[in-house]
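Here is a short walk through the aromatic side chains of one protein model, with a stop at a histidine on the way out. Keep the structure open as you read.

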Amino acid sequence: MIAETCKTIELEKSLSNIELFEEFDLTDGHPWVSNINSNHANYYNCLYKIANREKPRRILELGTAFGLSAATMLKASPNIELFVSLDLGIYGEQLGFSQNNIDFARTRIHQWCCHRKIPLNRIRFYRANSQPGVVGDNENFGVEIRKWYDIPDLVRLLTHYEFDVIFVDGKHTDDGLYNDFVTVWQLLRDGGLIICDDLHDEKTYGKIFSWAGQTLESFHRFTNEHKAEIDDQYIWNYPRVMPMDYTGLRPFGLIRKKKRMILELTKKWFDFFNKQESLAIIQARQDHLASLGLDLSYKSVLEVGCGIGKDTCFFEKLGCTIHSTDSRPENVAEYLRRRPDRKGFVDIVDLNCSNSHVKFGKFNIVYCYGTLHQLENPSQCLKELSKNCKDLFLLETCVNSLDNGNINSVYADDQGEDKPFNEIKCRPARDWIMQELKKYYPYVYCTRTQPAHSDYPIIWPANREEFINTRCVFVASKRVLCHPTLIPDIPQSQGRLEPII
Ligand SMILES: C[S@@+](CC[C@H](N)C(=O)[O-])C[C@H]1O[C@@H](n2cnc3c(N)ncnc32)[C@H](O)[C@@H]1O
């Protein structure tokens, strides 16, 4: 239990701030030196002891400031594989410091990493706004700083990896902490821990801190709304900085996410979705989608051919509302067995039928990955789904290796399927797809790179002997898109997306 852990830490010998920060060269040269030199300020010792017990491999931090909490958590985490920290990068200037605070933090901490031979691409600092909407820091400065979800590298990292520990120390005022909780909850692994601070109550601290009462309200609101997913929570009124009186107290909030127990059923058709090969394709194509720099966050999404729901969390992590459909009742049943919370948002719908999705209305994004080639009549599917699409149609499908302008019908083989849903499928050519999409969308694109998976050729026509499946990604839009990642023509050669780490 978190409360007991905190009590134990209170009785343990503390690490001094000098012990914590000397090796990072952080005992001097920044505006928070007064806390470093005080034996009274146990804040970072508390953070160290909590983080250390979690043995985290991946940590996310919102609010880097001068890197003190980042340094603390890194020192506490000898098994670290990925550390990501974001900050508006305006705090240094606000405190009259000569350097950009995030650059300062990165430089000091990367020097430490070099001494310890920790690869720098695993310890990453970003100038980014963690908040949704037109909101910045406590006084709403920094609204012009790019949002995390508009930075493709951050989207790639945060949608791909789950984090063991997330330290939330950015915007405190208004709904700032609540908003950050909502964002990071999707990024936290089951069983992982969120740590936040400054849960000051209004009555005692109303005249002292602008956020008094507001952080606490955010904490209670979030934990009430997510009760069913929370294993344990605690407010720890013990960590402190200077000065020595009660105004130095910095109450931590700690929230442990429940572990979901999903019993894997064996020998089912949907074993296919759990196979390493299938998961590798899903990962590669989502990483690729994240890299495109498209405006995907906080959108309504229609996900067709959802299978057992392996793709849905990509959009959940971006704050989207998603409606998912699949033609196979057994897939939908398995999806809902794994995710009962999605009841009402997953339906059995057959893309072969006309007007199949009309009843669901319009969505900003229609996401059709891995499904078109399963159908006998792909033109019907593209036409139907165009009725649901307000802005963007995202398509990934197996295609013919040659651009021959045809649908290229094929008889279903038995690869992975005990009973194919459609006897006749297709391997539409890229040029056929582009022409067909242009009937419904004024702007249609291929992508400059292909996902990092061997099913996606980079030289066309693809060598048929080399590929069992040749896959490709298309983006169709109601508005012109000027992204360097997209091309309006059908490329004869494409790049391969480089891994982010
Ligand atoms: C209290 S300081 C963080 C202290 C740091 N965690 C430590 O203990 O060493 C808060 C930081 O969050 C940043 N911040 C505030 N609002 C933010 C936002 N919306 N997005 C990203 N960073 C934000 C501030 O600019 C400031 O640098």
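Start with two neighbours. Trp148 is buried, and Tyr149 is buried too. Their rings form an edge-to-face aromatic pair. The centres lie 5.8 Å apart, with 75° between the planes. Bear in mind that this model is predicted.

The total is 26 aromatic pairs. Another of them joins Phe66 and Phe97, again edge-to-face. Here the centre-to-centre distance is 5.5 Å and the planes meet at 90°. This pair links distant parts of the chain, 31 residues apart. Phe66 sits in the loop between β1 (58-62) and α5 (68-75). Phe97 sits in the loop between α6 (91-94) and α7 (101-115). Both Phe66 and Phe97 are buried.

Ring pairs also build a cluster. Its members are Phe21, Tyr43, Tyr44, Trp236, Tyr238 and Phe252.

Next, look at charges over rings. The charged end of Lys257 sits over the ring of Trp185, 5.1 Å from the ring centre. Arg430 lies over the face of Trp460. In that case the distance to the ring centre is 3.9 Å.

Finish at His453. It is in the loop between β16 (449-450) and β17 (471-477). Is His453 buried or exposed? Its relative accessible area is 16%, so His453 counts as buried, the cut-off being under 20%. The His453 side chain reaches the backbone nitrogen of Asp455 at 3.0 Å. Beyond its neighbours within four places in sequence, His453 is in contact with Glu277, Ala280, Ile281, Ala284 and Arg496.

Notes: Residues numbered from 1 in each chain as written. Predicted model: local features only at pLDDT ≥ 70, side-chain atom pairs only at ≥ 80, totals over all residues. Heavy atoms only, no water. Phe/Tyr/Trp six-rings, centres within 6.5 Å; stacked < 30°, edge-to-face > 60°. Helix = DSSP H or I, 4+ residues; strand = E, 2+ residues; numbered from the N terminus. Buried < 20%, exposed > 50% of the residue type's maximum accessible area, 1.4 Å probe, protein only. Lys NZ or Arg CZ within 6 Å of the ring centre and 35° of its normal. Polar contact = N/O pair within 3.5 Å; in protein donor to acceptor, adjacent residues only side chain to side chain. Contact = heavy atoms within 4.5 Å.
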